[in-house]
Structure formats: C-alpha cells, structure tokens
Amino acid sequence: MWKALFSVLSPPGRRARLSILIFHRVLAAPDPLFPHEVDAARFDAICGWVRSWFNVLPLDQAVRDMQAGVLPERALAITFDDGYADNRLHALPILQKHGLSATFFVATGFLDGGRMWNDTVVEAIRHSTLDSLPLQELPNVGLRRMPIGAVSQRRAAIDAVIQAAMYLPQGTRSNVADRLAELAGVVPSSDLMMSARQVVELHRAKMQIGAHTVSHPILTQLDDAAARTEIASSKSRLEELVCDRIRLFAYPNGRPGADYSAASVRLAREVGFDAAVSTAWGSSGPETDCFQLPRFTPWDRSRTRFAARLAGNLWTSRRRPARTVMAAVPSPG
C-alpha cells in the first residue's frame with residue numbers, strides 16, 4: 001500500500017520528488033529528557049521502513065539525477081547534522097546493516113573534544129545535583145530561578161535557556177552556557193562530538209561528508225567576510241581530512257530568512273558546493289533551488305503514522321513548494 005502511494009506521489013523523471021530526511025543523533029538508548037530523540041532501535045526501524053518504501057540514494061547523486069530529470073520514483077536521501085559521535089558509533093552500523101547511505105554534515109570546530117553551546121546547556125542541567133538553578137544570574141537572558149528536581153522541570157529549564165539564548169551574539173550565548181555550567185556545578189562531557197578519525201571512518205565506509213560551518217553560527221548575524229570564512233574553512237578542513245572534494249553544505253539551524261539569507265546562499269555557491277540543504281519542510285523537484293533543498297523527518301513512532309506523515313509532506317510540497325529565500329544576491333561588482 002505505502003510503496004504504491006509513494007510511487008504516485010513521487011513518480012520518476014521530471015515529475016519526481018526527492019524526500020530528504022534529517023537527523024541529528026542516534027542515541028544508544030531512549031533519553032527521558034528528550035523522548036523524541038532517535039535512539040538506535042528506533043533508527044533501525046526507520047531504516048527498515050524507508051528501505052522497503054523508497055529508493056535511497058546518496059544526496060549528491062540524487063541532486064544530479066533531479067537536475068537531469070532522471071530521478072527514480074520514490075527517491076529519498078538521509079542526512080545528519082552537526083557531527084555527533086553517536087553518528088559513527090550507532091548510526092553507521094545500522095545504515096550498513098540495511099545497505100543504506102547517508103550524508104553527515106559536520107561542524108568542524110567541535111571535532112576532537114569540542115562541544116556546541118546548546119549541549120553545554122543540556123549537560124549542565126542534566127547532571128546538576130541541585131534542586132533549582134538561579135537562572136536570573138545568567139547574562140542577557142532575563143530568566144528567573146527554576147526548579148530542576150524532576151525530569152520535566154529539567155527539560156523546562158533547558159528549553160527556557162536555549163530559547164532565550166538562541167539568537168544572542170555567538171560569543172554571548174557561549175558565555176551564557178559556560179556560566180550556566182558554573183552555576184550548575186557541572187563540567188560537561190567533552191566526547192559528544194566526533195573525532196577527526198571518526199569522520200574519516202565514515203568516509204571510508206562510503207558515507208558522504210558535508211560541511212556545516214566551523215562553529216555553527218547563525219549566518220544572518222555575520223557579515224559576508226565572517227560568513228564566508230565559516231563556510232569555506234569548514235569545507236577546506238573536511239577536504240584535508242578525507243582527501244576528497246566536499247560537495248554539500250547544510251546551513252546551521254537552517255530556517256530560511258531567520259538563520260540564513262540570500263547572501264548565505266550566494267556564498268555557498270561561490271565557495272564551490274554543488275548543493276545545500278535547509279530545515280524548511282517539504283520535498284524537492286525540478287523547480288527547487290538546489291542550494292535550498294528542504295528536509296523533513298516524521299516524528300511518529302508507529303510505521304503507519306510515520307508513512308502517513310511522509311506521504312502528507314510529499315503531497316503538500318507538490319502543491320505548495322517549501323518556503324525559501326528566493327534568488328541569491330549577486331556578488332559585489
């Protein structure tokens with residue numbers, strides 16, 4: 001049933017639609033703080049479903065086929081953002097078990113012991129032994145003391161801090177996270193992200209490596225020179241690691257207009273990528289800007305609901321393409 005429906009919604013050739021799934025982590029076991037985060041058992045199930053319903057392609061091949069009008073029916077690609085170590089430890093063996101490929105977008109500044117600011121927030125609150133945290137002492141966020149005695153309270157505190165700090169200047173939000181760890185009395189883990197060696201291992205396993213900037217900034221907050229450095233430096237660092245051209249890019253956070261702009265799209269083209277992905281929902285077709293490819297992953301746990309939401313995404317985006325930043329601004333001069 002589902003395979004036949006996906007064939008109707010995603011036919012071959014010039015009427016084809018490309019679905020791109022987005023993941024971040026594959027945990028060893030379910031996390032009470034983040035019950036919707038994908039764990040190994042759930043990812044194994046998802047891989048089994050998509051293998052039975054779709055033609056899963058490497059993202060660069062899918063983009064080339066889409067541009068040439070020869071994309072197969074039921075085309076789908078799998079992507080991961082940020083560069084978490086569990087991508088290598090848990091996602092890779094499951095992908096190999098199912099004979100699937102994926103693209104891993106890596107923020108290079110966190111390799112070999114680095115940590116993203118939001119993970120500092122999560123780990124500080126997760127591991128604190130305090131009953132409450134004086135969040136009013138955090139700079140620039142305007143929060144109050146919050147209890148963290150229960151799992152639900154810890155999650156509420158995490159969400160409050162991340163929401164308050166997300167669009168602060170990059171240095172300020174890092175200071176917020178570091179100060180929070182001090183208040184919580186926690187030294188956060190330094191092994192959450194991949195090592196350079198693990199990136200190389202993914203590449204040797206025939207997975208694709210894509211760039212995701214150096215420090216995962218909000219690109220709309222940077223001037224052109226700083227944004228170019230973030231984008232180009234991540235590309236060159238990964239090319240040095242894997243001894244291969246890096247063809248694909250993912251905009252950090254990835255919301256059109258809020259997190260990246262038309263200028264960001266232009267820079268991604270100028271730096272030398274072949275395509276780039278956003279986090280706007282939808283599917284791609286011949287009309288889609290290959291530097292603003294939408295991605296969508298259902299959050300449902302049941303096979304039926306997962307398939308239904310994927311079908312709904314295909315149906316909706318055939319009728320109403322994903323919102324993107326329109327034309328990229330031209331280069332100066």
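This tour moves through the structure one selection at a time, from the central strands to the pocket and then to the helices and loops.

The model is predicted, so local features are described only where pLDDT is at least 70 and side-chain atom pairs only at pLDDT 80 or more, while totals for chains, interfaces and linings use all residues. Residues are numbered from 1 along each chain as its sequence is written, and side-chain values use heavy atoms, with hydrogens and water left out.

**The strands**

Begin by selecting strand E3 (75-82); helices (H or I, at least four residues) and strands (E, at least two) are DSSP runs numbered from the N terminus. Eight of the eight residues of E3 are buried, so the strand is largely enclosed by the rest of the structure; buried means under 20% relative accessible area, exposed over 50% and partly exposed in between, with a 1.4 Å probe and protein chains only. Now add strand E1 (18-23), which pairs with E3 in the parallel sense over six bridges, two strands being paired if DSSP finds at least two bridges between them. Within this pairing, Leu21 stands opposite Ile78 in E3. Strand E2 (residues 55-56) also runs parallel to E3, joined by two bridges, and the partner of Val56 in E3 is Leu76.

Next select strand E4 (residues 103-106), which is joined to E3 by four bridges and runs parallel; here Asp82 has Val106 as its bridge partner in E4. E4 also pairs with E7 in the parallel sense over four bridges, where Phe105 is matched with Gly210. In a regular strand the side chains alternate between the two faces of the sheet. In E7 (residues 208-211) both faces are covered, with Gln208 and Gly210 buried on one side and Ile209 and Ala211 buried on the other.

**The nonpolar cores**

Return to E3 and colour the largest nonpolar core, which has 60 residues, with Phe43, Ile78, Phe80 and Leu95 making the most contacts inside it; such a core is a set of buried Ala, Val, Leu, Ile, Met, Phe, Trp, Tyr and Cys residues joined through side-chain atoms within 4.5 Å. Helix H2 (residues 40-53) gives the most to this core, with seven residues. Apart from it lies another core, of 27 residues, among them Val122, Leu133, Val161 and Leu180.

Leu180 leads to helix H7 (residues 170-184), whose buried residues include Val176, Leu180 and Ala184. These buried residues of H7 pack against helix H5 (117-127), strand E5 (132-133) and helix H6 (151-165), a contact meaning heavy atoms within 4.5 Å. Just after H7, Gly185 takes a positive phi of about 70°.

**The largest pocket**

Which residues lie closest to the centre of the largest pocket? Of the 46 that line it, these are His24, Phe34, Glu37, Asp82 and Asn118. On a 1 Å grid over the protein atoms alone, a pocket is an open set of points where a 1.4 Å probe fits, with protein on both sides within 12 Å along at least five of seven lines, and lining residues have an atom within 4 Å of a point. H5 gives the most to the lining, with six residues.

**Two loop residues**

Finally, select Lys206, in the loop between helix H8 (196-204) and E7; Lys206 has a positive phi of about 75° although it is not a glycine, and it is exposed, with a relative accessible area of 70%. Asn253, in the loop between strand E8 (248-250) and helix H10 (262-271), likewise has a positive phi, near 65°, but counts as partly exposed at 25% relative accessibility.
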